[in-house]
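Grab a coffee and work through these short exercises with the model open beside you. Each one sets a task and then walks through a solution.

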Amino acid sequence: MKVLVVGGGGREHALAWKLKQSPRVAQVFVAPGNGGTALDRDLVNVPISEVRALREWAQAQDIALTVVGPEAPLAAGMVDEFRAHGLRIFGPTRAAAQLESSKAFSKAFMKRHGIPTATYETFSDPAQAHAYVDQVGAPIVVKADGLAAGKGVVVAMTLAEAHEAIDFMLVDNTLGVAHNEGGARVVIESFLPGEEASFIVLCDGKTVTALATSQDHKRLLDADQGPNTGGMGAYSPAPVVTPEVHRRAMEEIILPTVRGMEADGIPYTGFLYAGLMIEPGGTVKTLEFNCRMGDPETQPILMRLQSDLAEVLLAATEQRLDQVTLQWDERVALGVVVAADGYPLSPRKGDVITALPLNSADAVVFHAGTAMKDGAVVTAGGRVLCATALGANVADAHRRAYDLVAGVAFDGMQYRRDIGYRALKK
């Protein structure tokens with residue numbers, strides 16, 4: 001069968017890489033794809049992004065399965081459009097994708113259904129938001145109510161940082177937030193202490209199947225310093241997600257969310273990502289929902305997945321997830337993001353990538369912000385590559401991933417040197 005992956009980032013490169021391994025799959029298309037998918041002889045880039053045009057192309061090509069990677073096409077109603085024309089597609093509808101596209105919707109939903117999360121208030125007036133921050137104090141968290149490519153959250157450790165974030169989101173829109181109807185809004189919520197983890201599941205509307213656990217590194221610099229980013233690296237499994245934390249996440253967050261969406265008349269299908277805060281006493285709270293796999297968590301998770309991803313997603317589109325048992329490589333996978341100069345606020349584009357290491361079955365450099373120009377691969381986004389490797393343990397995976405990074409060269413490249421450090425300390 002022919003399969004279409006929608007998106008052009010590292011997550012989509014990893015999805016396409018995994019799907020092409022299925023004996024059921026004859027051809028994988030990526031729309032629009034990136035420099036890495038262009039270089040792969042087994043993948044074909046499709047330079048279409050508009051929802052209706054891509055649906056018409058998928059019909060003409062007799063695409064058997066479409067998988068949506070990023071959030072923007074989901075919020076634009078791609079799943080609704082494809083389903084309305086009889087096309088098989090895996091992802092949430094536009095209404096269900098509000099769990100990610102609107103922080104205000106998500107927080108109100110959690111409050112209504114008793115899903116543990118931080119206390120919060122929502123503001124559209126900058127003066128009221130500033131006054132609230134002054135009243136509550138720091139540390140405090142400021143979130144843009146709209147899609148912001150993973151950069152719409154500021155964990156403000158000082159009042160000055162909180163006020164700056166409010167101005168960024170409500171006044172200047174420095175972060176380039178795609179505002180929802182009604183204009184710019186922010187959600188301001190209490191700071192939760194603890195350790196973060198990424199908890200990603202598959203949903204078919206009835207059944208939920210958890211993927212391997214993972215942990216992302218959001219801050220730009222080593223030792224979790226510097227500004228928040230879309231993610232500077234990740235590894236799987238995450239030791240912080242103990243069997244007890246896993247149980248609580250499923251019973252207190254994931255299952256109530258899926259049941260709540262169904263009760264609200266918005267059945268949930270697709271990947272569902274809960275950002276967890278695991279507090280020192282073991283309680284688990286929801287930082288946010290994403291309606292897709294995380295990036296860069298996808299890369300290490302899919303490196304470990306031994307099941308046929310195409311078969312799994314076909315089962316999910318037919319409400320047969322209850323018949324699926326996922327098989328995982330017992331090794332650790334670790335991915336290091338190599339970012340462009342100036343990332344996250346003003347990444348430089350157009351630098352030629354002069355060196356890339358050869359990929360192997362268990363060590364792959366996934367492309368994210370890359371493009372082809374005059375026969376060369378150039379930087380085309382903030383997070384450029386994700387060097388991902390399997391290893392016998394965290395230290396081994398760490399060493400092998402950084403060996404890959406050592407084979408990458410372009411002007412201004414920046415990356416953290418401590419991905420996986422929390423697990424390395426344990």
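**Exercise 1. A salt bridge inside one helix**

Start with Arg247, which is partly exposed at a relative accessible area of 35%. Keep in mind that this is a predicted model. Find out which residue forms a salt bridge with Arg247, and work out how the two are placed in their helix.

*Solution.*
- Step 1: look for the partner. The side chain of Arg247 meets that of Glu251 in a salt bridge, with 2.7 Å from N to O.
- Step 2: place the pair. Both sit in helix H10, and because they are four residues apart, about one helical turn separates them.
- Step 3: check the partner's exposure. Glu251 has a relative accessible area of 46%, so it counts as partly exposed.

**Exercise 2. Elsewhere in helix H10**

Stay in helix H10 (residues 243-263) and go to Thr257. Decide whether Thr257 is buried or exposed, then list what it touches.

*Solution.*
- Step 1: the cut-off for buried is under 20% relative accessible area. Thr257 comes in at 1%, so it is buried.
- Step 2: leaving out residues up to four places away in sequence, Thr257 touches Leu99, Phe109, Ile115, Leu272 and Phe289.
- Step 3: try a C-alpha distance too. Thr257 and Met110 are 147 residues apart along the chain, yet their C-alpha atoms are separated by 7.7 Å.

**Exercise 3. A bridge between distant parts of the sequence**

Take Arg422 and find its salt-bridge partner Asp224. What does the pair tie together?

*Solution.*
- Step 1: the closest N and O atoms of Arg422 and Asp224 are 3.3 Å apart. A salt bridge needs them within 4 Å, so the pair qualifies.
- Step 2: Arg422 lies in helix H14 (residues 421-424), while Asp224 lies in the loop between S15 and strand S16 (225-228), so the bridge ties together parts that are 198 residues apart in sequence.
- Step 3: Arg422 is partly exposed at 27%, and Asp224 is partly exposed at 23%.

The structure has 30 salt bridges in total. For another example, Glu279 pairs with Lys285, with 3.9 Å between the closest N and O atoms. Here Glu279 is buried at 14%, whereas Lys285 is partly exposed at 25%. Some bridges share partners: Glu195, Asp224, Arg416, Asp418 and Arg422 are joined into one network that way.

**Exercise 4. Two residues that touch the network**

Arg416 and Asp418 belong to that network. Show that His217 and Tyr402 each touch both of them.

*Solution.*
- Step 1: locate His217. It is in the loop between strand S14 (215-216) and strand S15 (219-221), and it is buried at 3% relative accessibility.
- Step 2: read off the contacts of His217 beyond four places in sequence. They include Arg416 and Asp418, and also Thr229, Tyr235 and Gly420.
- Step 3: look at Gly420 again. Its backbone nitrogen lies 3.0 Å from a polar atom of the His217 side chain.
- Step 4: move to Tyr402, which lies in helix H13 (residues 394-405) and is buried at 14%.
- Step 5: outside four places in sequence, Tyr402 touches Val336, Tyr415, Arg416, Arg417, Asp418 and Ile419. Arg416 and Asp418 turn up here as well.

**Exercise 5. Are the cysteines paired or unpaired?**

How many disulfides are there? Use Cys203 and Cys291 to back up your count.

*Solution.*
- Step 1: the count is zero.
- Step 2: the cysteine sulfur nearest to that of Cys203 belongs to Cys291 and is 9.5 Å away. A disulfide needs the sulfurs within 2.5 Å, so Cys203 is in no disulfide.
- Step 3: run it the other way. For Cys291 the nearest cysteine sulfur is that of Cys203, and Cys291 is in no disulfide either.
- Step 4: add the exposure. Cys203 is buried at 0%, and Cys291 is buried at 2%.

**Exercise 6. A polar contact in a loop**

Which side chain makes a polar contact with that of Asp329, and where does Asp329 sit?

*Solution.*
- Step 1: Asp329 is in the loop between helix H12 (309-317) and S20.
- Step 2: its side chain makes a polar contact with the side chain of Arg331, at 2.8 Å.
- Step 3: beyond four places in sequence, Asp329 is in contact with Arg304, Gln306 and Leu390.
- Step 4: Asp329 is buried, with a relative accessible area of 11%.

Key
Residues are numbered from 1 along each chain as its sequence is written. This is a predicted model: local features need pLDDT of at least 70, side-chain atom pairs count only at pLDDT 80 or more; totals for chains, interfaces and linings use all residues. Side-chain values use heavy atoms; hydrogens and water are left out. Buried means under 20% relative accessible area, exposed over 50%, partly exposed in between (1.4 Å probe, protein chains only). A polar contact is a pair of N or O atoms within 3.5 Å; within protein, one must be able to donate a hydrogen and the other to accept it, and residues adjacent in sequence count only if both atoms are side-chain atoms. Contact means heavy atoms within 4.5 Å.
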